[in-house]
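Q: I'm in my first year and still learning to read structures. Please pick one part of this model, take a close look at it, and then show me how the rest of the chain fits around it.

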Amino acid sequence: MQVLQQGRTLEGKDADDILKIISNDQALQILRSTIGTPKSAWDISIISEIPLTQVYRWVKRLHNSGLVRVSGDTNSSGKKFFMYQSKVNAIKVTLTPTTETLVELS
């Protein structure tokens, strides 16, 4: 299997990891809820009805796979917070009997 991720091709274990991630409902909900507008883990949890601990686990995995952008700042009381935004707007999976699976992320 090959994964085309924003201009670069991933193969082997990296490609398999991406396919496993995008086949999970919670991961997809997080990606959907963060398209276009960055959100905090708390906002993602409320919108998607995923427990906050699961949101943090998935966001870390999505970030490590290059599917989510993380940005941080400090609020007026000096507390750090992080915002998460999907780097993926579209996912296309192509299956053919003669070639290997191709997953395109854009």
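A: Let's begin with the whole chain: among contacts between residues at least 6 apart in sequence, 46% join residues at least 24 apart. Keep in mind that this is a predicted model. The chain has four helices and six strands, and reading along the sequence gives the pattern β-β-α-α-α-α-β-β-β-β. Of the 106 residues, 32% are buried. The chain exposes about 6,600 Å², with carbon and sulfur atoms supplying 51% of that area.

The part to look at closely is helix α2, which covers residues 25–33. At the start of this helix, a side-chain oxygen of N24 comes to within 2.8 Å of the backbone nitrogen of Q26. Now look for the residues of α2 that are hidden from the surface: A27, I30, L31 and S33 are buried. What do these buried residues pack against? Their partners are three helices and two strands, namely α1 (13–22), α3 (41–48), α4 (52–64), β3 and β4.

Zoom in on S33, which belongs to α2. S33 counts as buried because its relative accessible area is 11%, and the cut-off for buried is under 20%. Setting aside neighbours within four places in sequence, S33 is in contact with K39, I44 and I47.

A different case waits in the loop between α3 and α4, where E49 lies. E49 has a positive phi of about 60 degrees, although it is not a glycine. Is E49 buried or exposed? E49 is exposed, because its relative accessible area is 75% and exposed means over 50%.

Next, follow the two strands that the buried side of α2 packs against, β3 and β4. Strand β3 (residues 68–74) and strand β4 (residues 80–86) pair in the antiparallel sense, over seven bridges. Five residues sit between the strands of this hairpin, and G78 takes a positive phi near 90 degrees there. One of the pairings joins T74 to its bridge partner K80 in β4. Not counting residues up to four places away in sequence, K80 touches D73 and T74. K80 is exposed, with a relative accessible area of 62%, so you can find this residue of β4 on the outside of the model.

Further along the chain comes another antiparallel pair, β5 and β6, joined by four bridges. Here V93 has V103 of β6 as its bridge partner. Strand β6 is a good place to practise a general idea. In a regular strand, side chains alternate between the two faces of the sheet. In β6, V103 and L105 make up the covered face, while L102 and E104 make up the uncovered one.

To finish, turn to the surface around β5. I91, V93 and L95 form a nonpolar patch there, with about 270 Å² of accessible area together. L95 sits in the loop between β5 (91–94) and β6 (102–105), and it is exposed, with a relative accessible area of 64%. Compare that with where we started: S33 in α2 is buried at 11%.

Technical notes
Residues numbered from 1 in each chain as written. Predicted model: local features only at pLDDT ≥ 70, side-chain atom pairs only at ≥ 80, totals over all residues. Heavy atoms only, no water. Pairing = 2+ DSSP bridges. Patch = residues over 30% accessible without salt bridge, like charges linked within 9 Å, V, L, I, M, F, W, Y side chains within 5 Å. Areas by Shrake-Rupley, 256 points an atom, 1.4 Å probe, with all protein chains shown as cover. Salt bridge = Lys/Arg side-chain N within 4 Å of Asp/Glu carboxyl O. Buried < 20%, exposed > 50% of the residue type's maximum accessible area, 1.4 Å probe, protein only. Contact = heavy atoms within 4.5 Å. Polar contact = N/O pair within 3.5 Å; in protein donor to acceptor, adjacent residues only side chain to side chain.
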